[in-house]
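Please look over the structure shown here before reading on. The report below goes through some of its features by topic.

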Amino acid sequence: MSSQEVSRQDTDERQEPLSGTPRRPAQAGPPAVPALAIEPPAAVPATAAVPPAQAGPPATALLPAAAGPATAARPAPAAGPPPLSAAARPGVAAQAGQAAAAAFAAFTGRPMARYQAAVVRIGFALVVLVQLLREWPGSRELYGDRSPWSLDMARRLAQQTHAFSVLEWQDGCWWFEACYALTVLAAVLMLLGWRTRFSSVAFLVGVLSVQNRGVLVGDGGDNLVHLMAIYLAFTRCAEVWSLDARRRDRGAAPGVGGVLLWGVAAGLLGWAQLTGRISWASAGGWSGPGWAALFWTLWAVAGLWWVVNRRWPAGEGRAVLDALGSMVHHCALFMVGAQVVLVYATAGLYKVQGPRWQDGTALYYPLHLDYFTPWPGLSALLGSSALLVFAFSYGTVLLQVAFPFTLVNRRLKNVLLAVMVLEHLGIAVLLGLPVFSLAMIAADAVFLPTGLLLWLDRRAGEWRPGRRPRPA
Amino acid sequence: MAERGEVPEPESEPEPEPEPGPGRGAGGESGPGAGPRVWSLPALVVLSAAAMALLSATAVLLGALLLTNAPPNSLSQRYQSQLNGLVYPEFEQNWRLFAPDPLQDNINVRVRARSAAGDGGWVDLTAQDIAAIRGNPFPSHAEQNELRRAWDFYDTTHDDREMPTAGVRSSLADEYLKRIALQRLGRTSGGAPITGVELRADTVPVAPPPWTAAPRPAAAGPQSRELPWWSVSDQDYAGL
């Protein structure tokens, strides 16, 4: 994720003056480059032999003088920091050019933060699945034909808001039940990462449809799920930990599943288009392309990729398509992270202005609201301690305000992340908001450290005997 | 757990990339082995154009979300219609969770029915919700949000004298609240079909914690708000 990148660069830059290692200016270039920069000075001559031409700065000019033995390179640290500032003079344009090239290569290269994307996918699929299953018995009262928010009312509001919901396309209990069941199915497929290019769009359609049908029964968690369902459809969130990845790793033949789904999608889209359910231009205040444009574009790109991959698997066309996919993935995943930052920054900065948060009693009130106290005894117990109420009130605000800024320091970010997850678990029980909390945790997961996810990946590999060996 | 991930991260990051050529993916595209892909000119043009378009779109969306979450400001007021067009309905943001201050009132919504048998007694609808939530580790949206948010919706679309302030939304709010009440009351009251309902909301402020003398801005006593009688017809029961 971007934050990972940011924080990684941050640590690199700090290490650079320390080690005095002249480093290729490929700032945007992810992991391996930092690894080089962290290398002990002994490795310096070796690395310096390759890139000094590009690196340009005087630091490299110093190195040949200190040339020979590895120990001779050690004085370099002392001389390290000044060259950094002096570096501004000669090769600025060249450096900027190289940085831009490296950034472009990273942007168009292999999808970054694949594990984080997979965790977010699994997390939100789970949230939706749990929520839909929980509400299934009363789903007709909440989102269906028995709802006090009748279909007619939903349509009247939708004429104003232009919110998208396939549930409003058709009257009848059967239509609702079918759509609800298909949304559950989409959540399962998304969880497993099965044909994710298809199922992520089905997930988006299902989630938006259900939520926009019952827009007045949702809460903050639903709002987050809604947004993430949109962003996730544009990420490559099944690169790991998915059935898609397993199929690819086994080198299985593409099979007819994908083609079949593509055909089904064409049929559904064609039907929706011909009956006027979706249109090319947006109907709302937004005078851009409508849902038809989005869906047909995704459909056409999937078809194009299939043809190109079949005909010219090693051709440049295929590489261009992959690069486009990576770029979209990077932008969408950036939005996931940005959205989380926005949530915390907004929640935190508005709290700062509240008198109850300022006097440190804010937490006391939700603990005495009937709607948010499933365990009144527990809430009263926590609410009886002035110290605890104060600490949690101030702690919450501090945490939320600070979180966006800690992204520049990976270590601090990880600590805050762990605290945040714990706080959400507490909220889940104490305020009776399990889905909301699970959604927040799933969103936070985009900032999980790669090392932890890789460790989990290896552990999972050890447990499953039939699994292909992973490089340790 | 964050600690665990801390140590191995820098070194182990490039390792799980065995599929492509060495260096590719690990060292970005500038790794030593495969090096960055050398694109043909047409490919480069396509990719550059796509990159520009994508980055611009992302920046615009991010900017719009930022402005939407920010307090009303000169920029967001100037571009209000464009912002609304982009953000609503699908990118709606509402993150003032318990902010600037948490809710400090318990609102109880009650209803009574009128029928040929006379006016029925008050039925505490909120108490039904609370009863379902108590001791429930996984309450339903039907209990937590339906009535609570329906009242909120009514409150924000009507003024102090119960006059509509938001056109269609006000009438939708009336209808919604009425139908929630009817769903819970059923068809009859005192043995006769219901012909009208009256709702009231009692707001009980949570008393400040005993260890503070925090002065409450509003009058600290409970406040009651009684809505006018609404007539009920068969149509109001459609689908319930």
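What follows describes selected features of a predicted model, topic by topic.

## Chain B in outline

Chain B is made up of 240 residues, of which 42% count as buried, and its secondary structure comprises eight helices and seven strands. If we take the contacts in chain B between residues at least 6 apart in sequence, 60% of them join residues at least 24 apart. The chain exposes about 11900 Å², and carbon and sulfur atoms supply 59% of that area.

## Aromatic pairs and a cluster

Over all chains, a search of the whole structure finds 23 aromatic pairs. One of them is formed by A:W149 and B:Y176, whose ring centres lie 5.1 Å apart with 75° between the planes, an edge-to-face arrangement. Because A:W149 belongs to the loop between α10 (139-142) and α11 (151-161) of chain A, while B:Y176 belongs to helix α8 (residues 168-185) of chain B, this pair joins two chains. Both A:W149 and B:Y176 are buried.

A further pair is formed by A:Y364 and A:Y365, and since their ring centres are 5.7 Å apart and their planes stand at 85°, the pair counts as edge-to-face. A:Y364 and A:Y365 are also buried. Elsewhere, one aromatic cluster is formed by A:F164, A:W169, A:W174, A:W175, A:W271, A:W291 and A:F295.

## Arginines over tryptophan rings

Chain B also offers two cases in which an arginine lies over the face of a tryptophan ring. B:R37 lies over B:W39, at 5.2 Å from the ring centre, and B:R114 lies over B:W229, at 3.8 Å from the ring centre.

## The nonpolar cores

The largest nonpolar core holds 129 residues, and the members that touch the most other members are A:F124, A:W149, A:L224, A:Y231, A:F403 and B:L177. Helix α9 (residues 114-135) of chain A supplies the largest share of this core, namely 11 residues. A second core, separate from this one and made of 11 residues, includes A:F107, A:M327, A:C331 and B:L47.

What does A:F403 touch, leaving aside its neighbours within four places in sequence? Its contacts are A:V340, A:Y344, A:K413, A:L416, A:L417, A:M420 and A:F447. A:W149, which was described above as half of an edge-to-face pair with B:Y176, appears again here among the core members with the most contacts to other members.

## Backbone features that stand out

Most residues other than glycine have a negative phi, and most peptide bonds are trans. Against that background, the loop between α5 (80-87) and β1 (105-115) of chain B deserves a careful look, with B:P89 placed in it. The peptide bond from B:Y88 to B:P89 is cis, with omega near 0°. B:P100 is found in that loop between α5 and β1 of chain B as well, and the peptide bond that joins B:A99 to B:P100 is cis, with omega about -5°. B:F98 also has its place in this loop, and its phi is near 55°, a positive value in a residue other than glycine. With a relative accessible area of 27%, B:F98 is partly exposed.

In chain A, A:H162 has a positive phi of about 60°, although it is not a glycine. A:H162 is placed in the loop between α11 and α12 (173-192) of chain A. Is A:H162 buried, partly exposed or exposed? Its relative accessibility is 33%, and so it counts as partly exposed, which is the class between under 20% and over 50%.

## Two residues with contacts across the chains

A:P434 has its place in helix α23 (residues 434-444) of chain A. Leaving aside its neighbours within four places in sequence, A:P434 is in contact with A:A428 of chain A and with B:P137, B:F138 and B:P139 of chain B. A:P434 and A:H424 are 10 residues apart in sequence, and their C-alpha atoms are 8.7 Å apart in space.

On the chain B side, B:Q144 lies in helix α7 (residues 141-156). B:Q144 counts as buried because its relative accessibility is 6%, which is under the 20% limit for that class. Not counting residues up to four places away in sequence, B:Q144 touches A:Y371, A:L431, A:G432 and A:L433 in chain A, together with B:I133 and B:P139 in chain B. B:P139 is therefore a contact of both A:P434 and B:Q144.

Notes: Residues are numbered from 1 along each chain as its sequence is written. Chains are lettered from A and ligands numbered from 1 in the order in which they are written. This is a predicted model: local features need pLDDT of at least 70, side-chain atom pairs count only at pLDDT 80 or more; totals for chains, interfaces and linings use all residues. Side-chain values use heavy atoms; hydrogens and water are left out. Rings of Phe, Tyr and Trp (its six-membered ring) pair if their centres lie within 6.5 Å; planes under 30 degrees apart count as stacked, over 60 as edge-to-face and the rest as tilted. Helices (H or I, at least four residues) and strands (E, at least two) are DSSP runs, numbered from the N terminus. Buried means under 20% relative accessible area, exposed over 50%, partly exposed in between (1.4 Å probe, protein chains only). A charge sits over a ring if NZ of Lys or CZ of Arg is within 6 Å of the ring centre and within 35 degrees of the ring normal. A nonpolar core is a set of buried Ala, Val, Leu, Ile, Met, Phe, Trp, Tyr and Cys residues joined through side-chain atoms within 4.5 Å. Contact means heavy atoms within 4.5 Å. Accessible areas come from the Shrake-Rupley method with a 1.4 Å probe; for residues, only the protein chains shown count as cover.
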